[in-house]
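I opened this one to see what the fold looks like and which side chains meet inside it. My notes follow the order in which I looked things up.

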Amino acid sequence: MSPPTSPEMDYPDDSPESPPPSEQQQLPPQTPGPKISSNRLPTFPTTPHAHSSAAHAAFDDDKELSSNSLYQNHDEYIEHDLQNNRVFMHAEKFMELVFRTPANWKANPVCKGILAAITANDDFKAALESFREILNGPGTEHRLYPPIVALYAIVLTLLDAHDPLPDGDDRKTLKLAFSVNDPVELVDAVTKGLSPDIRSLFGSFTIHEKELSFSNVVHVVEVEDTDSALCRGANDFRVLHNGADPLQKSRGRETKQASAPNSGQPSPAASVDTKASRKRTRTDDDAEGSNSSQKINRSFSASRKAQSTEAPTPKTQVDPQTQCARYAMEHLSNAILRSHSILTLFDKDRFQFEYFDRSVIAVSSAVELLEEEGQRLFILMVYGLRRLSPEDLGLREVVQDSLKFCTNYKSASKHVKGKTIPSQNGPGKTGPRDWRKMFYNREITIQDDVYTLKEIVFRQPGLIGRTTCVIAATKNGSDNERFVVKISYPTTTRVPEMELIRRARMHAESDEKHAWVLNHLPNMTASMDIEIGKNTVQARMRDFLKSAEYANEKTYFYEDRCLRICVSEELHAITSLTSSRKIGQVFLDILQTHQWLYTVPKILHRDLSMSNIMVREDGPGNVYGVPNDLDLASQLSEVDAESESTLMRRTGTPPFMAFDLQDPHNLHVLHLYRHDLESLFYVLLMLVCRHEIDQKKGSVQQLRSDPPFEDWFDWSMSWSQLQATKVKFFHSTDIEVIKSQISPSFRVFEEWVVSLWKVLGGGFAKRHQAKTQLSSFSISERLNAAIKAGHIKPPPLVAKQRVDDETLDGEVTYWTFMQYMNELGNKDLKIRCDDLGL
């Protein structure tokens, strides 16, 4: 079958690089064959850009499908969250919400009594004086750790005397204790070398410090000695306090602020003071920006080259805000499944509190420790922290014995089938453990079935968003069946994935002609949602932020999320296949199944990517393509402005997203069926160009040593830049260059790649041509107003332009893709269904 001719290219109106199409190139002819429908196709609203919409790991290159793969750097995700999801509030309001400090603490008799007793205590005064002397003396920040720990210890001791907890109270039994942690490296972290300066553990905890993990640490205290480490709220969402803006002036040297909202570009670089050599760098000190609904800036992965089984090593420097956020990310991502994380950041004699959950980062104004008011707030903070329940500390008993792992490691270790988490250094040896096995042999009960968790097979970094983690598992003590347990934090307003799958299966089972698709639908066997509990710290934070008054004309949108745990059969990644014919069959299956979902149960996937195209194999070795992960799918009958606006995310995984959806100047573009077809093409392109089959082994598909399209996975690139890169790919890439980029292992796909590239490019060229003609077609203001009001019909050219975008004038449809994908190497592939009810 001869491919279409080379296309002209359509550029978005606001593309930074929009050269006119070449006059030498010709448009491909209208592709013959049946149309999907003569009526207007249904569309699905998209919502403003944000990386956490799909995978918060907004790219999921092929390497991340493997349990041996790692993210080389999470800072880009963290920095994006700091810039777009941080709320700044007065310290007293923060303490009221998080530490449950009474709003009228100055008049509260209990608070007054405790404050009077501790501030008058000679030991407390001596600890403060010691801190003052050491602060003014020479040395590194390490000199500040012991006096800060001493302050925590003396306040806790005095609270035990002046505010004793009743016998039998878990908080008395657990007994919070602070100690210097640095340079002890916490194990089970995705990133090696994380060692918080000061840690708090429960006093009943007994374990060698070389085995400490983020599961065990209750509260982290980070210490700086710079005069510039604390956030002051310059570009954050700031909550008014008694009608006043809490924005604080900088102390010492000025810190470099992040880029302003709607810049569409990464934050400018700035130098930061360094801590010990173990700390990492970031590009913007005190990263401050706007919410994802206002700032549209996306970063992606940079180097994606050699696979490694070693965790990534941190950079030598880091901005303190990023450092705290990294601790929080590990806190929220460990085997305890915390609902939130609370940290304290010291900068010389000032400190501020930080709170993290999957919807917001809340930071308090700075408190001066050496001032009388600051000392009182410090005491009240310790008082509140000491009285918080495990739930208020973010701990919850979802995975079996979670609290035992946090409060008594030895007891919990024995309970987990007599095994501890395997060490990378071998049995019985201490040292960093493989983070992929942090859940190993732990159990979780869902709908009366007990699942034993094994290794992590996929994990998305980040703080805000779904941040999905997929874990291999067995059921009810049997190793005969393998399952995967998916842990994520989706918005509560969306139809759950399991419900969408149930509806699709119901359609397939109700009519024999649809039965074929059952082999291509995910099989989700169980699901459990855990929502925010009433009057918990997280609920208090959410309710306050939704009703708060904000400064600087910003309002933060807090997304309601739940912890969702789903169980599915184990499927295989498309990168596990080494037969070109099987890979081609899987792509054709995905095309047919995607079309069936769209036309029968009317479900649009909206997130086709490398990690979401999975393979089901049967006994005889037959393969079936399965479009997995319907978390972001939408059903046409339930799409409305209210339900979609609450998502606040434009869906898709950026390297695989249709470039129309990455236009930062058009927030109202609709997610069309053809956008998913474009995504499918990108997955094909990345697979056959960036992968190869090991010729020596003949059975291993792997990433090429020097893969093309590295810039598509560049974390430093904004969405608009990536959009321009894709536009350029269709417009100015020479066809011979594309052919040369295809791996020798996958040369048989050359016709697919070239033909679909021309099909998409031809459609973009037709749209561009229509827009060019329309822009030169002059209509008077009076006539244009009459057309918009519906009083007269528009000219044919205008009318055509209004409907052209859905299929790019019939160029990009299911049938045009099927025309080229139904055979591979002149051999027919299996057509699962000749009649899709069109």
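These entries go from overall confidence to single residues and then to the aromatic rings.

**Confidence.** I started here since this is a predicted model. The protein chain averages a pLDDT of 78, and 72% of the residues score at least 70. Where is confidence lowest, and where is it highest? I found the low end in helix α14 (residues 641-645), with a mean of 40, and the high end in strand β9 (residues 361-364), at 98. Residues 6-72 have pLDDT below 50, though the model gives this stretch 258 contacts beyond near neighbours in sequence. I also flagged residues 797-803, where pLDDT stays under 50 and the model has 14 contacts beyond four places in sequence.

**Overall make-up.** I counted up the secondary structure next: the protein chain has 21 helices and 26 strands. Of its 838 residues, 61% are buried. I then asked how contacts spread along the sequence: among those between residues at least 6 apart, 75% join residues at least 24 apart. The accessible surface comes to about 31000 Å², and carbon and sulfur atoms account for 49% of that.

**Leu545.** I picked this residue in helix α12 (residues 537-547). Is Leu545 buried or exposed? It is buried, because its relative accessible area is 0%, and the cut-off is under 20%. Leaving aside neighbours within four places in sequence, I listed its contacts as Val87, Met89, Val239, Val360, Tyr550, Tyr556 and Tyr558. I also checked Ala362, which is 183 residues away along the chain: the C-alpha atoms of Leu545 and Ala362 are separated by 9.7 Å.

**Lys93.** This lysine belongs to helix α2 (residues 91-98). I checked its exposure and got a relative accessible area of 18%, so Lys93 falls under the 20% cut-off and counts as buried. What does its side chain pair with in a polar contact of 3.1 Å? I found the side chain of Glu96 there. Outside four places in sequence, Lys93 is in contact with His241 and Phe544.

**Aromatic pairs.** I moved on to the rings and got 29 aromatic pairs in the structure. One of them is Tyr598 with Tyr673, a tilted pair at 4.6 Å centre to centre with 45° between the planes. This pair links distant parts of the chain, with Tyr598 in helix α13 (residues 580-599) and Tyr673 in helix α15 (residues 673-690), 75 residues apart. Both partners are on my buried list: Tyr598 has 5% relative accessibility, and Tyr673 has 3%. I then looked at Phe729 and Phe730, which form an edge-to-face pair, 5.1 Å centre to centre and 70° between the planes. Phe729 counts as buried at 5% relative accessibility, and Phe730 counts as buried at 0%.

**Ring cluster.** Which residues do ring pairs link into a cluster? I noted Phe659, Phe681, Tyr682, Phe709, Trp712, Phe729, Phe730, Trp757 and Phe764.

**Charges over rings.** Last, I looked for charged ends sitting over rings. Arg358 has its charged end over the ring of Tyr489, 4.8 Å from the ring centre. For Lys454, the charged end sits over the ring of Tyr440, with 5.3 Å to the centre.

Definitions and conventions. Residues numbered from 1 in each chain as written. Predicted model: local features only at pLDDT ≥ 70, side-chain atom pairs only at ≥ 80, totals over all residues. Heavy atoms only, no water. pLDDT = per-residue confidence, 0-100. Helix = DSSP H or I, 4+ residues; strand = E, 2+ residues; numbered from the N terminus. Contact = heavy atoms within 4.5 Å. Buried < 20%, exposed > 50% of the residue type's maximum accessible area, 1.4 Å probe, protein only. Polar contact = N/O pair within 3.5 Å; in protein donor to acceptor, adjacent residues only side chain to side chain. Areas by Shrake-Rupley, 256 points an atom, 1.4 Å probe, with all protein chains shown as cover. Phe/Tyr/Trp six-rings, centres within 6.5 Å; stacked < 30°, edge-to-face > 60°. Lys NZ or Arg CZ within 6 Å of the ring centre and 35° of its normal.
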